[in-house]
Amino acid sequence: MVKAALFDLDGVVFDTEPQYTIFWGSQCREFHPEKPGLEHEIKGQTLTQIFDRLFTGELEDKRNLVVERLDRFEKEMKLEYIPGFEDFIKDLKRNGIKTAVVTSSNQKKMDVVYAKHPEMKDYFDRILTSEDFKESKPHPDCYLKGAEVFNCKPCECVGFEDSFNGLKAVRAAKEFVVGLATTNSRDAIKEFSDYVIDDYRGLDFSALQAMLLNN
């Protein structure tokens, strides 16, 4: 019996991943022109992970510049919900399911989100950000924390993710994994998911329950 639904943010609640690809594409072409297409390789990684991989040595002093650019970019981003999300989250809450955001984004990013979508605080019982976790995805820490705040066992939770690191984090937490094919293809994520969806249209609490029973 599912008791809690835990959602990543970008690519799961909001359709923002194409915008991030544009941003990181510009940064990668500027600082790593020798690696075309690098922005696709770093999808789903935290800012710390990206810095540790791409901005070391002579490029370490560019980190503050990238942070400034990213902050400006996020303030101007379009935050459109993944199709069907709002109906789905409302139906979960009507059925007594606890809901949480489990994101690698920081509180500063969430302040931007709240300014554009104040209803987010009503959609979710808890919003957990990078400040709440000791380890980054694919470590299961964030999804275990999501279960903990609701006094749930991991087997009573469903995690919704789109990135490889996120999917691996849910699986490592031993929670049911719903993969969204918003950032990567169905074929690419199916081995990391218990069930794959394109978006939330047609999905409700009953369908989620059936999904778990059939897997």
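This passage walks through a helix pair, some aromatic contacts, a few backbone oddities and one residue in helix H5. The model is predicted, so everything below is a computed value.

Start with helices H3 and H4. Two packed helices are described by the angle between their axes and the distance between the axes. Here H3 covers residues 47–54 and H4 covers residues 63–76, and their axes come within 12 Å while crossing at roughly 145°. The crossing is right-handed. On the H3 side, the residues involved are Leu47, Phe51 and Asp52, and they meet Arg63, Val66, Val67 and Leu70 of H4. Sorted by character, the residues of this contact come out as five nonpolar, two charged and no polar.

Arginine 63 sits in H4, and its side chain gets to 3.3 Å from the backbone oxygen of phenylalanine 51. With neighbours within four places in sequence set aside, the contacts of arginine 63 are Phe51, Asp52, Phe55 and Thr56. Over on H3, leucine 47 has a relative accessible area of 30%, so it counts as partly exposed. The C-alpha atoms of leucine 47 and arginine 63 are 9.8 Å apart, with their positions 16 residues apart along the chain. Again leaving out neighbours within four places in sequence, leucine 47 touches Val67 and Leu70, plus Trp24.

Isoleucine 50 is also part of H3. Its relative accessibility is 2%, which is under the 20% limit, so isoleucine 50 is buried. Outside the window of four places in sequence, isoleucine 50 is in contact with Trp24, Ile42, Gln45 and Phe55. Trp24 thus turns up in the contact lists of both leucine 47 and isoleucine 50, while Phe55 is listed for isoleucine 50 and for arginine 63. As for the start of the chain, the C-alpha atom of isoleucine 50 is 37 Å from that of methionine 1, and the two are 49 residues apart in sequence.

Phe55 leads on to the aromatic residues. A pair of aromatic rings is described by the distance of the centres and the angle of the planes. Searching the whole structure turns up 20 aromatic pairs. In the pair formed by phenylalanine 31 and phenylalanine 55, the ring centres are 5.4 Å apart and the planes make an angle of 75°, so the arrangement is edge-to-face. Phenylalanine 31 belongs to helix H1 (residues 17–31) and phenylalanine 55 to the loop between H3 and H4, so the pair ties together parts 24 residues apart in sequence. Both phenylalanine 31 and phenylalanine 55 are buried. Elsewhere, one aromatic cluster is formed by Phe7, Phe14, Tyr81, Phe85, Phe88, Tyr123, Phe124, Phe160 and Tyr200.

Next, the backbone. Most residues other than glycine have a negative phi, and most peptide bonds are trans. A few places in this model go the other way. The peptide bond running from lysine 137 to proline 138 is cis, and its omega is near 20°. Proline 138 lies in the loop that joins strand S3 (126–128) to helix H8 (141–149). Serine 136 is in the loop between S3 and H8 too. At 34% relative accessible area, serine 136 is classed as partly exposed. Beyond four places in sequence, serine 136 is in contact with Thr46 and Gln49. From serine 136 to aspartate 162 the C-alpha separation is 15 Å, for residues 26 places apart along the chain.

Two residues that are not glycine have a positive phi: asparagine 151, at about 55°, and lysine 174, at about 65°. Asparagine 151 is in the loop between H8 and strand S4 (157–161), and with a relative accessible area of 75% it is exposed. Lysine 174 falls in the loop between helix H9 (164–172) and strand S5 (176–180), and at 66% it is exposed.

Finally, aspartate 91 is placed in helix H5, which spans residues 85–94. Is this aspartate 91 buried or exposed? Its relative accessible area is 15%, and that is under the 20% limit, so aspartate 91 is buried. Not counting residues up to four places away in sequence, aspartate 91 touches Asp204 and Phe205.

Definitions and conventions:
Residues numbered from 1 in each chain as written. Predicted model: local features only at pLDDT ≥ 70, side-chain atom pairs only at ≥ 80, totals over all residues. Heavy atoms only, no water. Helix = DSSP H or I, 4+ residues; strand = E, 2+ residues; numbered from the N terminus. Buried < 20%, exposed > 50% of the residue type's maximum accessible area, 1.4 Å probe, protein only. Contact = heavy atoms within 4.5 Å. Axes fitted to C-alpha atoms, helices over the stretch in contact; angles between N-to-C directions. Left-handed = near helix turned anticlockwise from the far one by under 90°. Nonpolar A, V, L, I, M, F, W, Y, C, P; charged D, E, K, R; others polar. Polar contact = N/O pair within 3.5 Å; in protein donor to acceptor, adjacent residues only side chain to side chain. Phe/Tyr/Trp six-rings, centres within 6.5 Å; stacked < 30°, edge-to-face > 60°.
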